[in-house]
Amino acid sequence: MTGTPTTGGGSITITLDGTNRKVTVPLLPGSIGPSVFDIRKLYNDLGVFTYDPGYGGTAACDSKITYIDGDIGVLLHRGYPIEQLAEKSTFLEVAHLLLNGNLPNAREKAEFEAGVLRHTMVHEQLRRFFDGFRRDAHPMAVMCGVVGAMSAFYHDSLDINDPEHRRISAFRLIAKVPTIAAMAYKYSIGQPFVYPRNDLGYAENFLYMMNAVPAEPYHVNPVLARAMDRIFILHADHEQNASTSTVRLAGSTGANPFACIAAGIASLWGPAHGGANEAVLKMLAEIGHVDNVKPFLETVKDKNNHARLMGFGHRVYKNYDPRAKIMQQSCHEVLRELGIKDDPMLDLAMEMEKIALSDPYFVERKLYPNVDFYSGIILKAMGFPTSMFTVLFAVARTVGWISQWKEMIEDPSQRIGRPRQVYTGPTQRDYVPLDQR
Ligand code: ACO
């Protein structure tokens with residue numbers, strides 16, 4: 001292999017050892033962050049593919065939406081730091097930013113909010129869909145099914161090549177996913193569904209649909225509504241993570257956006273991704289007391305044991321996840337508002353963080369708390385059952401998914417996603433009749 005990569009353009013020439021076959025691979029710069037080698041011609045010119053299981057070294061697309069510098073713990077949406085957005089913005093403003101590329105002016109903000117809030121109700125027949133689920137179904141299972149079923153209800157916005165259809169589908173998804181999430185919860189506890197109220201803010205309306213009952217008035221605590229809104233902001237997008245890549249891959253085939261978001265929800269469900277916040281709380285409950293932290297850490301460090309310190313580590317962040325810091329602050333605010341002076345779970349988590357961050361195993365591997373380490377504690381304090389944690393993540397991430405999907409569909413160079421493989425199975429052989437096996 002010859003050639004010196006530069007960061008601002010340039011190329012690298014790769015020669016296949018023992019042959020005279022070579023290819024010059026251009027280096028494409030991003031606006032910030034590492035450049036990438038454009039290897040699209042590699043197979044044609046050299047007859048080889050690249051090998052990158054888990055895609056740790058592969059950029060699958062161009063994107064202008066989110067930038068992460070994992071080494072220093074930076075997260076930007078359309079250039080704006082997450083800390084500023086979490087402090088000064090609202091979830092719907094961030095949604096506008098992610099979808100359309102700019103912070104809305106007053107008129108755009110009002111129009112966008114009205115557009116989303118007008119779509120909060122679901123088709124009345126969709127309600128009956130819930131009756132097919134067992135009451136004890138995991139709400140993520142219900143979310144996968146019902147969000148996927150949206151494509152059977154909203155035929156009038158399924159033409160992915162029509163910008164107006166894409167716009168309406170985006171509004172429908174951002175508006176209706178919280179309604180479906182609240183319905184999944186109400187169904188699981190046997191309470192009647194609560195219709196959305198469009199006079200309330202986005203997070204406020206969600207808390208209303210979750211907690212109100214038809215029999216009595218319900219007032220949403222504004223501090224909790226603001227905390228919920230901030231949690232939604234923190235989870236809104238995170239560039240090409242597993243679920244977003246799933247949405248892009250599904251969308252690359254031309255599948256409709258409702259089906260693509262359902263695929264994203266399925267991908268988010270796993271404990272290595274969105275399911276981690278639920279897993280963190282289970283882990284803390286099992287550990288139970290500060291005295292048990294050190295022995296527990298020994299088990300996650302043991303290579304013969306598959307246990308992991310949930311809420312720690314990240315594929316991209318090799319430093320503190322900036323969202324985890326904000327989440328920890330929010331946690332204190334919410335507990336104060338709820339009059340919870342001492343939360344043993346929070347104390348345990350903070351102690352655990354302290355011990356882990358001074359342990360060489362975690363230090364050497366650059367394993368820091370991720371967004372999920374504290375989110376479970378705050379959500380539990382707000383009264384959400386653990387089974388709903390990943391659902392809340394899905395509600396927020398719907399904005400990122402649909403923004404990434406829209407960006408992909410609007411990219412003229414977009415083509416179907418189709419990774420390759422190194423085949424390691426049997427070479428060609430003849431079929432063996434049953435009596436000779
Ligand atoms: N606990 C203990 N050891 C860990 C952890 C952990 N949480 N995370 C990584 N490691 C170790 C690995 O065993 C490996 O050690 P080794 O080099 O001795 O083999 C090393 O750190 C590197 O880990 P990888 O598995 O290569 O890291 P990867 O990028 O593939 O995984 C992941 C990232 C899945 C997030 C991982 O850190 C993990 O499982 N964390 C716990 C689950 C979690 O919190 N997920 C939420 C992620 S954030 C989100 O989705 C919102």
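**Notebook: sheet, ligand shell, two exposed residues**

I began with the strands and found that strand 5 (residues 74–77) runs antiparallel to strand 6, the two being joined by 2 bridges. Strands here are DSSP runs of E with at least two residues, helices are runs of H or I with at least four residues, and both are numbered from the N terminus. Two strands count as paired if DSSP finds at least two bridges between them. I noted one bridge by residue: H77 has Y80 in strand 6 as its partner.

This is a predicted model, in which local features need pLDDT of at least 70 and side-chain atom pairs count only at pLDDT 80 or more, while totals for chains, interfaces and linings use all residues. Residues are numbered from 1 along each chain as its sequence is written, and side-chain values use heavy atoms, with hydrogens and water left out.

I then looked up the whole sheet. It is open, has 3 strands in the order 4-5-6, and its pairing is antiparallel. Strand 4 (66–69) and strand 6 (80–81) are at the edges with a single partner strand each, so one side of each has no neighbour in the sheet.

Next I turned to the ligand. I found 21 residues around it, the closest being L309, G311, R315, Y361 and N370; a residue is included if one of its heavy atoms lies within 4 Å. By class, this shell holds 11 nonpolar, 5 polar and 5 charged residues. Nonpolar covers Ala, Val, Leu, Ile, Met, Phe, Trp, Tyr, Cys and Pro, charged covers Asp, Glu, Lys and Arg, and the others, Gly among them, are polar.

I listed three atom pairs that involve ligand oxygen atoms. A polar side-chain atom of K303 is 3.1 Å from one, and a backbone N or O atom of G311 is 2.8 Å from one. For R315, a polar side-chain atom lies 2.7 Å from a ligand oxygen atom. The ligand taken alone exposes 930 Å², of which the protein buries 74% (Shrake-Rupley method, 1.4 Å probe).

I checked P271 in the loop between helix 11 (257–268) and helix 12 (276–287). P271 counts as exposed because its relative accessibility is 52%, the cut-off being over 50% (1.4 Å probe, protein chains only). Apart from neighbours within four places in sequence, P271 is in contact with A276 and M310 (heavy atoms within 4.5 Å).

Last, I looked up T427, in the segment after helix 18 (389–409). T427 is exposed, at 67% relative accessible area. Its C-alpha atom is 49 Å from that of P322, 105 residues apart along the chain.

Terms used:
Buried means under 20% relative accessible area, exposed over 50%, partly exposed in between (1.4 Å probe, protein chains only). A polar contact is a pair of N or O atoms within 3.5 Å; within protein, one must be able to donate a hydrogen and the other to accept it, and residues adjacent in sequence count only if both atoms are side-chain atoms.
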